[in-house]
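Visitor: I would like to go through this model with you and ask, for a few of its labels, what each one rests on.

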Amino acid sequence: MIGTTRRALAAGLLSLLLCAAAFAAEGSGWRIVVKEAACTYGPRLLLSEIAEVRGTPPAGVWERLSTRELWRNAERPGRQTSVSRDQLEQLLRHYVPEVALRTWALPSQMTLQYGGALVDRFEIERQAVAFLTPRAAGLGGEAEFRDLRLPESVFLDNQYDHVEMEISGPLKPGRVNLRLRVVTPDGKVVRRLAASVFLDLWKAVPSASRPLNRMRPLDPADVTFLRKNVAYLPDVWDGRGGPWRVARPVGQGQPITMSSLEPLPAVIKGERVMLVYHGERIQVAVKAEALSDADVGQMVTVRNLQTKKEILATVIDAHTVAVR
C-alpha cells in the first residue's frame, strides 16, 4: 500500500515537473487568459470556466489544466462575487503552481456568478450590429458602426432568458442610444441596460462646385455631389426645394447645408422691376429699382428711375410691382 502511494505521488510529481518544463520552454508563445466575467456551476470552480487558452500550448497541457479544480463556489444560485487581480494571482499561484505568472493574462477584476448564464461583450456587439444594420439600410449610403459603448457582459438568472435590443425613435446618423432588455421566455422584461453606438453614414450630398458667396442665387451649375459623412452634417441640404440663394459663404467642395441657404426672394434688392400704377381709367408702367428684398404679396420700396421718387408697392411677381 505504501509502495503504491509512493508510486502515485512520484507519478503526480513527474507530471507536474513535465508540465512545468513545458511552460518554461514554450510559455512565451501562448497565454492563459482569465475572463472578466464568468458563470460557474459545480461545488468548485474549474479553470476552464474562468479562463481560455490563446495560442498553441504544448500537446496535452491545456487538456490537463482545463479540468483543474480551484476554490469552492458559493453554491447559491445568482450569487455574484468579485475577485481582484491581486487575489487572482494568489489563488492561481496556490491552485496552479506549475504555471508561471508571466503566462497568465489577468483582468483588473473578475466577477463570478453561480449558475445562470452570461452574455459576453462580443455577443452583445454582434446583436447590436445585427439589430442596426437593416435599419441603417433605409437611410441610403454606406453605414459604419464604431465606438460601441456596451456592457462588458450581462448576467442572466437562468439559461432561458435572453437579451433584446430596442431604440426610441427613428435611426439617425451620429450617436445612437440603445437599450438592452433582459427578457424571460414569457416576454417579461426583468432588466434594462443603457448602451450606445456611433453611426457614420457616407453618402453623396450636394456640395459647392465652386466658391459660393453670400447673396448669390444658387444655380444648378453651382452644385456637385460628393461623398461625405452625414453624421457630422445634421442639416445637410437634400438637393430639393428652392429657388435658393446663399445665406453664408460655402467653400469649394464643402457640403451645402440648410443653414447656408435661404429662399430666393421674388424681388431682390438692386434689381430692375416694372412699376405698374393702376388708376380708375389709366394704367402706367415705368422702370424702377427695388430697394430691398421681398416675396410675392409683400410690400417693397422701389425708386422710380424716371422721377427718382421712392414709392411703396406690392410685389406681383419676380418682375412686377404695383401701386394702386
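Guide: This is a predicted model, and one place to begin is Val33, which stands opposite Ala105 in strand E7.

Visitor: How do you know that E1 and E7 pair, and in which sense do they run?

Guide: Two strands count as paired if there are at least two bridges between them; strand E1 (residues 31-34) and E7 have 2 bridges, so the requirement is met, and the sense is parallel.

Visitor: What is the strand order of the open sheet, and what makes E4 and E7 its edges?

Guide: The sheet has 3 strands in the order E4-E1-E7, with mixed pairing. Strand E4 (51-54) and strand E7 (104-105) each have a single partner strand, so one side of each is left without a neighbour in the sheet.

Visitor: Why is Lys308 called exposed?

Guide: Exposed means over 50% relative accessible area, and Lys308 has 54% relative accessibility, so the label applies. Lys308 lies in the loop between strand E20 (299-304) and strand E21 (310-317), and has a positive phi of about 65 degrees although it is not a glycine.

Visitor: Why, then, is Met215 called partly exposed?

Guide: The label covers values between the buried limit of under 20% and the exposed limit of over 50%; Met215, at 32% relative accessibility, falls between them and therefore counts as partly exposed. Met215, in the loop between strand E14 (189-208) and E15, also has a positive phi, near 75 degrees.

Visitor: What is the omega of the peptide bond called cis between Gly242 and Pro243?

Guide: Omega is about 5 degrees for that cis bond, and Pro243 is found in the loop between strand E15 (223-229) and strand E16 (244-246).

Notes
Residues are numbered from 1 along each chain as its sequence is written. This is a predicted model: local features need pLDDT of at least 70, side-chain atom pairs count only at pLDDT 80 or more; totals for chains, interfaces and linings use all residues. Side-chain values use heavy atoms; hydrogens and water are left out. Helices (H or I, at least four residues) and strands (E, at least two) are DSSP runs, numbered from the N terminus. Buried means under 20% relative accessible area, exposed over 50%, partly exposed in between (1.4 Å probe, protein chains only).
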